[in-house]
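Trainee: I should like to practise reading a protein model by asking about it step by step. May we begin?

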Amino acid sequence: MYVVWFLLSSCICGYLVYLVQVKNAFNQDKTSDGPDTSGSSLPEFRTFQKTFLTVYYLCVGADWIQGPYLYKLYAYYGFNKGEIGFLFLAGYLSSAVLGTVVASMADSVGRRKTCLGFCACYGVSCLTKHVPKYEILLFGRLLGGVSTSILFSVFETWYMHEHQRRHAFPDSWLVKTLSLMTFGSSAVAIATGVVAATLVDIAPAPFIDFSGGIVKPPSFLVVFDIAIIMLVIASGIMIKKWPENDGGSSSGLLVGWVTLTSNPRIWVLGLIQACFEGAMYVFVFSWTPVLEHTAGDKAGAVHHGYVFATFMVCMMIGSNLLTVFVTYVAKKQATMASRTHTDPTQLVLLYTMAVSIVALLVPGIISSHFVTFISFCVFEVCVGIYMPAIAYQRLRHVPHEVRATIMNFFRIPLNVLVILALLNVGHMSHTMISMYCAGLLCAAAGAQVFMNKITSSATALGGPKGSSKVDEEGKA
């Protein structure tokens with residue numbers, strides 16, 4: 001069954017890529033705002049976009065390739081479930097506290113410097129995996145938490161500054177890049193999974209050995225060495241091709257906090273992000289036991305590799321569907337007599353959240369393995385739509401000067417929600433986990449309804465001052 005659904009989802013994804021990328025379904029009309037978009041700046045944009053995405057994919061790949069082997073490594077070193085659980089918990093706490101402070105400094109000290117710091121920090125974290133001592137591994141998890149905060153905030157902030165301020169490309173082209181970030185990240189996850197499995201099978205020993213003879217280094221340590229190589233390559237490209245940018249003099253933690261608390265659009269956006277992504281992260285560590293539970297006696301027949309690959313393809317489908325849906329909504333709004341419209345991306349987000357709620361409620365009500373699997377696939381499609389859509393909303397509502405700072409403030413409630421779930425997941429049934437996730441998604445949908453209300457523009461498809469018209473040029 002899993003192979004069939006993987007192939008089917010891959011075919012759907014391939015068709016959408018052809019529809020969106022090759023046939024360029026995202027509105028061929030020439031834009032009338034911003035700089036020259038008749039085509040003269042398109043080659044420059046594509047070169048710039050390719051440079052950024054290459055670095056981003058390498059860094060995300062360094063993160064993905066480690067994931068399947070972290071728990072396995074800690075268990076191999078002889079640590080019990082409680083000790084391993086604390087290591088993971090330390091990572092989330094580090095991301096919430098240390099990560100917020102360190103990543104927020106990017107707005108003042110420089111975003112390229114901070115991205116290079118990510119590579120150094122995560123590289124050291126990978127090196128610690130070679131030492132079978134709990135204190136060293138805990139230090140590595142703390143560095144990993146800080147690195148995660150940088151990866152999912154500062155890279156995006158650097159790109160948006162370059163896109164808008166230095167190159168002055170149309171904002172509408174951002175939707176494509178944000179979609180490609182999600183699409184490519186999912187593709188990289190699949191690719192690194194295959195590469196990691198192959199290397200583990202053929203590698204006699206890791207490249208580096210700091211074990212001191214305490215234990216025999218497992219062959220799967222090689223994946224952490226590959227991650228280091230990917231980070232080194234990414235650093236080289238950044239040093240050679242990335243210019244520096246920052247938020248100027250009006251940046252910093254205090255400025256970011258004042259901006260966040262004084263603007264309802266920003267803190268509502270943070271609430272949306274914390275609730276939706278909180279449900280997403282709880283789903284990440286609960287889908288395996290839920291699928292095995294619904295499979296019953298056939299739990300051993302659950303092919304986790306194909307399931308994970310199918311989920312990633314579903315995210316790729318979602319990232320392309322965003323372009324299709326936004327185009328459709330924008331065209332419908334253009335034909336309406338009313339001059340008051342909600343930004344199309346925000347409407348798509350709201351509908352996506354409604355579908356997500358149903359997708360995670362169903363497994364808590366119907367204990368069918370097939371239905372649960374399909375529901376999870378639908379949720380992953382929704383995640384693929386959500387990721388670039390919420391990034392575009394951050395672009396519209398979060399000031400450039402403190403964007404990295406505010407994005408990391410958003411991660412504090414997110415990490416709190418995930419930590420609460422981790423601390424109680426052992427006492428929660430699968431139905432309770434389903435209801436918890438659905439409840440978070442309901443809160444996100446409610447916040448999105450409020451966001452749509454306070455941001456409705458009196459100008460058709462306009463939005464806040466300085467935002468782009470998402471129904472315009474999409475040929476990039």
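The following exchange treats the chain as a whole, then its helix pairs, and then some single residues.

Trainee: How many helices and how many strands does the chain have?
Mentor: Please bear in mind that this is a predicted model. Its secondary structure amounts to 19 helices and zero strands.

Trainee: What share of the residues in the chain is buried?
Mentor: A residue counts as buried when its relative accessible area is under 20%. The chain has 476 residues, and the buried share of them is 56%.

Trainee: Among contacts with a separation of 6 or more, what percentage joins residues 24 or more positions apart?
Mentor: Here one takes the contacts in the chain with a separation of 6 or more and asks how many of them link residues 24 or more positions apart. That portion is 85%.

Trainee: Are helices H2 and H9 roughly parallel or roughly antiparallel to each other?
Mentor: Helix H2 covers residues 42-64, and its axis crosses that of H9 at roughly 175°, the two coming within 11 Å. An angle over 145 degrees falls in the antiparallel class. H2 and H9 are therefore roughly antiparallel.

Trainee: How many nonpolar residues are in the contact of H2 with H9?
Mentor: H2 contributes Phe45, Phe48, Phe52, Val55, Tyr56 and Cys59, while H9 contributes Phe155, Trp158, Tyr159, Glu162 and His163. By class, one residue of this contact is polar, one is charged, and the nonpolar ones number nine.

Trainee: How are H12 and H18 oriented to each other?
Mentor: Helix H12 (residues 253-262) packs with helix H18 (residues 403-424) at an angle of about 70°, and their axes are 9 Å apart. Angles from 65 to 115 degrees form one class. The orientation of H12 and H18 is therefore roughly perpendicular.

Trainee: How many charged residues does the contact of H12 with H18 include?
Mentor: H12 passes H18 in a right-handed crossing. On the H12 side the contact is made by Leu253, Gly256, Trp257, Thr259 and Leu260, and on the H18 side by Thr405, Ile406, Phe409 and Phe410. Six residues of this contact are nonpolar and three are polar, and the charged ones number zero, that is, no charged residues.

Trainee: Which class describes the angle between H14 and H15?
Mentor: Helix H14 (residues 287-295) and helix H15 (residues 304-334) have axes 12 Å apart and pack at an angle of about 120°. This angle therefore makes H14 oblique to H15.

Trainee: How many disulfides does the chain contain?
Mentor: A disulfide is a covalent bond between the sulfur atoms of two cysteines. To be counted, a pair of cysteine sulfur atoms has to lie within 2.5 Å. By this rule, the number of disulfides is zero.

Trainee: Which cysteine has the sulfur nearest to that of cysteine 119?
Mentor: Cysteine 119 is buried, its relative accessible area being 4%, and it takes part in no disulfide. The nearest cysteine sulfur is 4.1 Å away and belongs to cysteine 59.

Trainee: Which residues does serine 235 touch, leaving out those up to four places away in sequence?
Mentor: Serine 235 is located in helix H11 (residues 222-241). Its relative accessibility is 15%, so serine 235 counts as buried. Apart from residues up to four places away in sequence, serine 235 touches Leu116 and Cys119.

Trainee: How far apart in space are glutamine 273 and tyrosine 386?
Mentor: Glutamine 273 belongs to helix H13 (residues 264-284) and is buried at 5% relative accessibility. Among the residues it touches are Tyr386, Ile390 and Arg394. Glutamine 273 and tyrosine 386 are 113 residues apart in sequence, yet their C-alpha to C-alpha distance is 9.5 Å.

Trainee: What separates the C-alpha atoms of phenylalanine 220 and tyrosine 69?
Mentor: Phenylalanine 220 sits in the loop between helix H10 (174-202) and H11, and is buried with a relative accessible area of 6%. Its contacts beyond four places in sequence include Tyr69, Lys72 and Leu73. Along the chain, phenylalanine 220 and tyrosine 69 are 151 residues apart, and their C-alpha atoms are separated by 7.2 Å.

Trainee: What is the phi of alanine 168?
Mentor: Most residues other than glycine have a negative phi. Alanine 168 is in the loop between helix H9 (154-166) and H10, and is partly exposed at 32% relative accessible area. Although alanine 168 is not a glycine, its phi is positive, at about 55°.

Terms used: Residues numbered from 1 in each chain as written. Predicted model: local features only at pLDDT ≥ 70, side-chain atom pairs only at ≥ 80, totals over all residues. Heavy atoms only, no water. Axes fitted to C-alpha atoms, helices over the stretch in contact; angles between N-to-C directions. Helix = DSSP H or I, 4+ residues; strand = E, 2+ residues; numbered from the N terminus. Parallel < 35°, antiparallel > 145°, perpendicular 65-115°, else oblique. Left-handed = near helix turned anticlockwise from the far one by under 90°. Contact = heavy atoms within 4.5 Å. Nonpolar A, V, L, I, M, F, W, Y, C, P; charged D, E, K, R; others polar. Buried < 20%, exposed > 50% of the residue type's maximum accessible area, 1.4 Å probe, protein only.
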